[in-house]
Amino acid sequence: MTKARIQSIGRAAALLDAMGSGDWVALRDLARHAGIAKTTAFNLIGALTDVGLAEHDPDKGLYRLGLLHMVYGRAVDRRLDMVASIRPHLVRLCAETRETVNLALPGPTDAIIVESLESNQSLRVSSYAGTRADYHATACGRALIAWRGEEFLKTIFELAPLHSKTPNTTTDLTALNLLLERCRKTGWSFEFEENEIGSACVAAPIFDAGGQPIASVSVAGPAARFDDVMMRDMGTMLVERMAEISAALQHHSSGADMIPKA
């Protein structure tokens, strides 16, 4: 039953993605984009229309996104306000480390890089703003899920199985759980050529008042510069900085200034 529900959610998400441009879309195109039969697409798009997530033009037989997404969009806008508040901290971190700094927010099945600052070094990791990051294969992804419950992790990895990005990617659930446990103990996560050959990354989460990760910040660079000592020192620094940002966000919610001190 759980797998059936997950499959239905995945198919519904594919239909919403097919309407992502905002234009009207024919049922056959929805079905083709989602890789499902027209009958299945018809039933799912009907349900989405019933709850306001889609609109239907019965005369033309076309569908588009519903206005209910505006409500969810406002909630996302509030999260983007948080990104703007964090940005000065990222700028300082990028300048100090001289490595690429990324800010990730949690998505349904993976992390989403919403801000990325590239270092000024000649040999550096390219910025990834606007891209997705696998929860299991990236440092920022692991930092976001390490404090989540077992049921949450089970659902996530049913929706997005542990696939290999490189020959070094951790794809064994037991091994991944050990890495997540280590993250909880130290406060930071890492990956070494698991997401991309030649690159490495260290990350730590930003916590809300309830102690749950709401974002993570990673420092990424060429694997040749990321030895064990460097990653440990970087991880320790990130934990301290993320604690500062977590506290600043809580102050910011009551009107305090988020700009970091020089």
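In the predicted model, the largest cavity is lined by His89, Leu90, Arg92, Leu93, Val217, Arg241, Met242, Glu244 and Ile245. The space enclosed there amounts to about 50 Å³, and the structure holds three cavities of 30 Å³ or more. Two helices, α4 (68-97) and α8 (228-252), each contribute at least two residues to the lining of the largest cavity. When the lining residues are divided by class, five are nonpolar, one is polar and three are charged.

Helix α8 is also the place of Met237, a residue that touches Leu93 and Thr97 once residues up to four places away in sequence are set aside. Met237 and Leu93 are separated by 144 residues in sequence, whereas their C-alpha atoms lie 9.8 Å apart in space. Leu93 thus appears both among the residues lining the largest cavity and among the contacts of Met237.

Elsewhere in the model, two sheets can be described in terms of their strand order. An open sheet is formed by six strands, arranged as β6-β5-β4-β9-β8-β7 with antiparallel pairing. The edges of this sheet are occupied by β6 (132-133) and β7 (189-192), each of which has a single partner strand, so that one side of each is left without a neighbour in the sheet. For β7, the antiparallel pairing with strand β8 (residues 199-207) extends over four bridges, and within β8 it is Cys201 that serves as the bridge partner of Glu191.

The other open sheet described here consists of three strands in the order β1-β3-β2, and its pairing is likewise antiparallel. Here β1 (25-26) and β2 (54-57) stand at the edges, and because each has a single partner strand, one side of each is left without a neighbour in the sheet. Strand β1 pairs with strand β3 (residues 62-65) in the antiparallel sense over two bridges, with Tyr63 of β3 acting as the bridge partner of Val25. Helix α3 packs on this sheet, where it touches β2 and β3, and the direction of the helix makes about 110 degrees with that of β2.

Helix α3 (residues 38-50) is, in addition, packed against helix α2 (residues 27-34), the two meeting at an angle of about 105 degrees with their axes 9 Å apart. Because angles of 65 to 115 degrees count as roughly perpendicular, α2 is placed roughly perpendicular to α3. On the α2 side the contact is made by Leu27, Arg28, Leu30 and Ala31, and on the α3 side by Lys38, Ala41, Phe42 and Ile45. By class, the residues in this contact comprise six nonpolar and two charged, with no polar residue. Helix α3 is therefore described by its packing against α2 at about 105 degrees, as well as by its contacts with β2 and β3 of the three-stranded sheet.

Key
Residues numbered from 1 in each chain as written. Predicted model: local features only at pLDDT ≥ 70, side-chain atom pairs only at ≥ 80, totals over all residues. Heavy atoms only, no water. Axes fitted to C-alpha atoms, helices over the stretch in contact; angles between N-to-C directions. Parallel < 35°, antiparallel > 145°, perpendicular 65-115°, else oblique. Contact = heavy atoms within 4.5 Å. Nonpolar A, V, L, I, M, F, W, Y, C, P; charged D, E, K, R; others polar. Pairing = 2+ DSSP bridges. 1 Å grid on protein atoms, 1.4 Å probe; cavity = no way out; pocket = protein on both sides within 12 Å on 5 of 7 lines; lining within 4 Å. Points joined across faces, edges and corners; volume = space filled by probe spheres on them.
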